[in-house]
Each structure stands twice: as structure tokens, then as C-alpha cells.
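Here are my notes on this one, jotted down as I went through it. Have the viewer open while you read.

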Amino acid sequence: MFQIVKKRALHDTVTLMEVKAPAVARKAKPGQFIILRIDESGERIPLTIAGSDPLKGTITIIFQKVGYTTKRLDLLNEGDALLDFVGPLGKASEFEGMKRVAVIGGGLGVAIAYPQAKALHEMGVEVDVIVGFRNTGLMILMDELKAACTNLYVMTDDGSNGHKGFVTTALEEQLKAGVPYDHVIAIGPLVMMRAVCGLTKEYDIPTIVSMNPIMIDGTGMCGCCRVTVDGKMKFACVDGPDFDGQQIDWNEAISRSRMYRQEEAESLEKHACNLQNIELQKKRGGED
Amino acid sequence: MPNMSLKKLPAREQDPNVRNKNFLEVSQGYDEAMAMEEASRCLNCKHRPCVSGCPVNVRIPEFIKLVAEGKFLEAYDVITSTNALPAICGRVCPQETQCESKCVRGIKGDPVGIGRLERFVADYAMQHGVAGPKEEIPSNGKKVAVVGSGPAGLTCAGDLRKLGYDVTVFEALHTPGGVLVYGIPEFRLPKALVRREISKLEEMGVSIKTDMVIGRCISLDELMSEEGYDAIFVGSGAGLPRFQNIPGENLCGVYSANEFLTRINLMKAYSFPETDTPIKVGKCAAVVGGGNVAMDAARCAKRLGAETVYIVYRRSEKEMPARVEEIEHAKEEGIIFKLLTNPTEIHGDENGFVKAMTCVEMELGEPDASGRRRPVVKKGSEHTIDVQTVVIAIGNSPNPLIKDTTPGLECQSWGGIIADEETGKTSKPFVYAGGDAVTGAATVILAMGAGKKAAAAIHEELSK
């Protein structure tokens, strides 16, 4: 069992947890991921590692409450334990030869963009971070990001922070101004990563993206996580999750990410009462 | 007097039209009287040809004689003296090409039902509460790590523990058993039984650590230098699924057999939404391939509600690598065999889901490198079938994880670990390997045989 040693709500729908997993923490590097399972009937879900502390033996995960599993996960508290927690999986990000980099994060992807920016910043690379959220209420990790870069640009879809637009709006401004990025790293929703890659292609800047497709084992065995890169079939779990974003077949990736949309809705509906009951029990337990 | 019936006594089976709607075990095996009757067909030959056909050298005539005498628990002791997983072997070994193929009774009539008898004895012993190991085997102070808890790893672990080694098995998934739990379906090999066979090993003192991906959280070198293991056996299996390399293979609704079977067997997707892992099976499903895995996938698709299930195979039935029994079972359950047929393209709808598959018909030409006649495309035979689910079951390549993270471990160009056939010894000192990780996809029993040989070789090397 893997104990949750810290839990913090970053906002209404996004939660941070630190999980005790010394064997994983000892080896984890930016860009890698873990797979967890809550209990015996649970599904295996992959989450990119948002941070690790080899001394404390902990791994930080940040997740959004979207489906049944992540909602259940959010009902667990400090002291509770997860049945399975496997990793570190996938290849670590490669930063070799990077000197001036734009790290771009969108929504929950910011949680993963942060350790990348931090690692690069600590290596002495000049890092600009561009992040985007739907509105100011959904912002996460602002202080951490500020400490991990040279310039931080924050965009909101609705302009509630005074900077209306997408991450591509901010990136294009920098590119037009002639900032000589040698690499761009983009992590976020598939449509955002696709848009960033479209833009950087015009400027001929190598762009690395982190894919998070549906997975089961995470060790190459099932092939569920396949993505087409430069016309070739790749498995995100063993060949990635980082890939050359300009070579990815984005339409296919987006379509594959929706494969179980109907079943996900069905599962949420079926377990709606269950989730409510767990929540009620927790509340009652708190009052006692 | 031996029973001179030419026919092997059939085992009890669920009716095909009932069983193709449930996941309960198809074969119900023999009862005591049936087992004694079949066992009395054995001639107890002095030269024991059947034993030479068994990769783990089960003392077949000895155990069968005890069955004929009704001494079932004694028969069990004879089997388990060389085979740690009899309930599994009795069910999934291809006896028709191994022990039973050498049986003298098979010259005229059916061979003795050795597999069915082995299964009966194992099940009987389990039901009649055979106690675990009689006494604890003392440790000899030496540590061996086993990577992978499939048939090769479990066999190697069991044999080494019996010799006194401290054995730890590392498993990447959350449940031990490897292909026995993620690959072979419940209706052929009940998972409760796999769990019991494995818990017997644990009672013997084998330690099993799940959720450990060797190569990622710890390397082979670190296991030896930091964790103090004296030797390692790698039985990591055939990892990466192969695809056909035809257009449309990444559409939603196209599965590798590994993914399809893992969702069903390991993750229990047939109970969704009670369990949380979903699976999608349409009205029509096509499984591409002709091995046991293809049969398993097709029979699972049928059980998950597909009305029409095709096996699409590019050669003829004669060349199919699947066991005859599995082919028969699949046919009885209503699987349609499209033989000498090969898919060329999978088509999707506007949302990226499979809707059809184009195939061509094949003719058999000259024999190829495998000795089987090479299929060639029949001109003008292109046709399209409506399917919503496609499962690609054309084999696996070895998993690259160990290879990529272990300097000094030599591998074949196709990825298999290079290991001596008799000992499992690799190019790296104190590292042994066996099973599908070495041979590419093969059978449970061959992997067990490799695990057994490696255990003996490890013992020899560490005893020097």
C-alpha cells in the first residue's frame, strides 16, 4: 500500500497529493509518469510525475477531477493509502543542447510543465514560461513557476487576469519580437499542444510535447497508448511520453483520447450515489 | 488388466451455447471414477516415452498408476516433485504435441489423457486441502532475484527455494502470474486457481513483490551491487504487441490481443461498470491471427456480446498454430473462420471508430523459412466486411525495458535475450534468462522448462 502523506486542493477541481513510494522517488526524473490503482476494482490510470523527493521518499501528483477514478481519488485523505503505485515509467525528458527555451503549460498541464521548467532553470538554461488557464480562479502553482524561470507570461481565455488569449498568443508575441528560442516544450490539452506545434513549425523551432494517452500496463505490453509520430507507430509508455510534437498525428491522438467517453459517462452516472455516500461518510466522520 | 478402450475418456464440458455467454471454465474435467477409468488405460511402459515429451519431466507413468489405484494425493506428490504448477499445466499445456504425442496407446487409438489426469490430480489435491510444504526449508544464505512472475519465473523461483535460496520475484503488474493472469482467459484457466498455485510458492517462502518494474525503479546491476542478489533470472516475457502495419490500425476499436485480453482478464472489464476498466465490443468483431491467443480473443469477444465473430487467418487451418482443442472449442461456440484471408485496410467512421475491414483472399504457394507454405494474394479477391471491433493477434516482440537498461546483456537483432538453451546463461555474469523473453512467444510449459533448467544452472554456479 502507498500512503498519501499530503493533500492540498489547488482549486475546486485540481488536487495535489504527495504519495509515499520510496522505490519510485529514488529514480523519478522530469517527464516520467506513474500508474496508480485505488483499490481492487479500480482502473489503472497514468499520471505524469509533478515532483519527487528522494529523501522523503515521496512522489507528487496533481490531478483534475474529471472522471470516476479521479473523483474517487480526491475523496481520499492524508493517511489513506493507494493499493498500487508503479513507476517511474517512460523515458525521462532530454534537455541536452537547450539554451533558451519556452516552456508552455495549459490548464492541468501546468503541473507537469513546472518540473520541466524547474529542471531547466536549475541547469542554467534561460527559461520563459507561458501558461494559460480558462480564468484566474483556475490558476495553479504561480509562486513556484515564478521562481523557476526568467519571464513568466500568464494568459486567460476570458481575460480575467488582464491578459486575454491563448498560450499561442503570448508565444507568437515573443517569436515576433525575435526571442531566439532554440526549443519549445509544450504540455497541456491535445488541442493546445497541436496549436503550439502549428505555430512553432512556421518558425522552425523544435518542439517537444508530453503525451498522456489511455494506458493499462505502462510497460509496453498492451499497445493501448500508441501514437503515430512521423508516420511510425510509437508506444507512449516506452518510446515516450515525450515526442517531437511537429511529427505527431494530432487528429488521431485526439480521436483515440475520446474512445471511452461514453463509458466514462456511464461509470460516473452509475457511481454517482457511491461518490456521494463516501463524501457524506467522510463529513460525518469529521464531525464525530 | 489395462483398460483397452481406444478412445480417450472425454472430460465434462459446459454446453457450447451456454458457455459462450459466460466466463466460467469450459472444461469441468474428470471426477474420481472417470480419472481411475482413464488412468487404467496406461500400459506403464518401462521406457516411459511420455516423460521425454515433458519439458519439466513429470514422472507420468508413476503418477498415473497411483491415480488408477485411487491414491490421488500420492499421485500429487509425484507430480509436484518436478512440476510446481500442475493445475495450470493440466489445463494449458499442448499435451498433444508433448507427452501424449509419445504415448504408446496413441499408435492405435487415442493416447492416454495425461493432461486431464494431471489436472484432476491437482484439483483433487486442492479440494482435499493438501497442506503446504511439510517443513520450512532452511535458507542457504544466498539470494536470487527473479524478474517476472509468469510461468518461467515462478518455476525457477519454486525450484530455487526448494534448494534453500532466498528468492524474490519482481512483478511489474499489480498481480503475479504474468500471462497466466493477463493473457489466458478465466474460462480456460480460472484465476482463483492461479492465485492458489502462487500462494503455495509463497508458503514455501518465495517472496513476491508486485508493482516493481525492473529496469525502471531498479536495474539488474543495482539488484546485484546494492541489494545483494547473487544471481538473477530474467523471465520478463514477450512484451510488445506486433501490428499488421496496415492503414487504420490506430482507429478506436482496434486492439492488440494483449490489450483486449488484459482489459478482460486482469482488469475484469466484463464486469464494467462494477469494475472500473471499460472495453468496447461491437456487434461484429474480427480477430486477426491463428494462434491460441487469437482463439482466446475471439471467444472473449463472443462472450462480451458480439453476434458475429471472425477469425481472419492468412493460411489454412492446417497451418494454424493454435491447439486443435482450442480451434474445436472456438468453432463449437460459433466463431466463424475466414481462412486464407488477410486484412489490407481498416476503415473508420467520421468519429474515428472502426466500421469495416478490407481483406484479400490468399492461396498457398511454396514453403517459406518456417516450412509452412507461403500465402500469396489471389488476384481480384478484395472484399470488405462490416466490423466494429478488430483484435490483432499476430504475436509479440520481447519487451525492450531490460535490454535497454542492462549494459552487457547481449540480445538478438529482434530483441530476444541471448541465452544458452540448456542453462539459460546470458552474456552477463550471474544473469540467466528464459521463456518468451528469450524465445519470443511460445508456450507456458516451454517457459516452465526454461525456468527449471536455469534454476539448476544457477544452483550449480552458486555452489561452486
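1. Ground rules. This is a predicted model, where local features need pLDDT of at least 70 and side-chain atom pairs count only at pLDDT 80 or more, while totals for chains, interfaces and linings use all residues. Residues are numbered from 1 along each chain as its sequence is written, chains are lettered from A and ligands numbered from 1 in the order in which they are written, and side-chain values use heavy atoms, with hydrogens and water left out.

2. The interface of chain B and chain A. Chain B puts 43 residues into the contact and chain A puts in 48 (contact means heavy atoms within 4.5 Å). Between them the two chains bury about 3,800 Å², with 54% of that on carbon and sulfur atoms; buried area here is the accessible area (1.4 Å probe) that two parts lose on being put together, summed over both. On the chain B side, look at B:Arg216, B:Asn250 and B:Asp276: they supply 21% of the area chain B buries against chain A, more than any other three residues.

3. Polar links across that interface. There are four salt bridges between chain B and chain A, a salt bridge being a side-chain nitrogen of Lys or Arg within 4 Å of a carboxyl oxygen of Asp or Glu. One to click on is B:Glu274 with A:Lys270, whose closest N and O atoms are 2.7 Å apart. The count of residue pairs in polar contact is 20, both residues at pLDDT 80 or more. For polar contacts, the rule is a pair of N or O atoms within 3.5 Å; within protein, one must be able to donate a hydrogen and the other to accept it, and residues adjacent in sequence count only if both atoms are side-chain atoms.

4. Which elements of chain B give two or more residues to the side that touches chain A? They are strand E7 (240-241), strand E8 (254-256) and helix H12 (257-266). H12(B) has the largest share, with four residues. Helices (H or I, at least four residues) and strands (E, at least two) are DSSP runs, numbered from the N terminus.

5. Inside chain A. The domain assignment, which is automatic or from a database, splits chain A into domain 1 (2-89) and domain 2 (100-257). Their centres, taken over C-alpha atoms, are 21 Å apart. The two domains of chain A bury about 1,600 Å² between them, 65% of it on carbon and sulfur atoms. In domain 1 of chain A, the residues that lose the most area to domain 2 are A:His11, A:Phe33 and A:Thr48, together 27% of what that side buries. The domains share one salt bridge; A:Arg8 forms a salt bridge with A:Glu144, with closest N and O atoms 3.9 Å apart.

6. A buried arginine. B:Arg188 sits in the loop between helix H9 (179-182) and helix H10 (191-203) of chain B. B:Arg188 is buried at 11% relative accessible area (buried is under 20%, exposed over 50%, partly exposed in between; 1.4 Å probe, protein chains only). Its side chain makes a polar contact with the side chain of B:Glu326 at 3.4 Å. Leaving out residues up to four places away in sequence, B:Arg188 also touches others, including B:Glu25, B:Asp296 and B:Arg299.

7. Cysteines. A search of the whole structure turns up zero disulfides over all chains, using a cut-off of two cysteine sulfur atoms within 2.5 Å. For B:Cys54, the nearest cysteine sulfur is that of B:Cys99, 6.3 Å away. B:Cys156 is buried at 0% relative accessible area.
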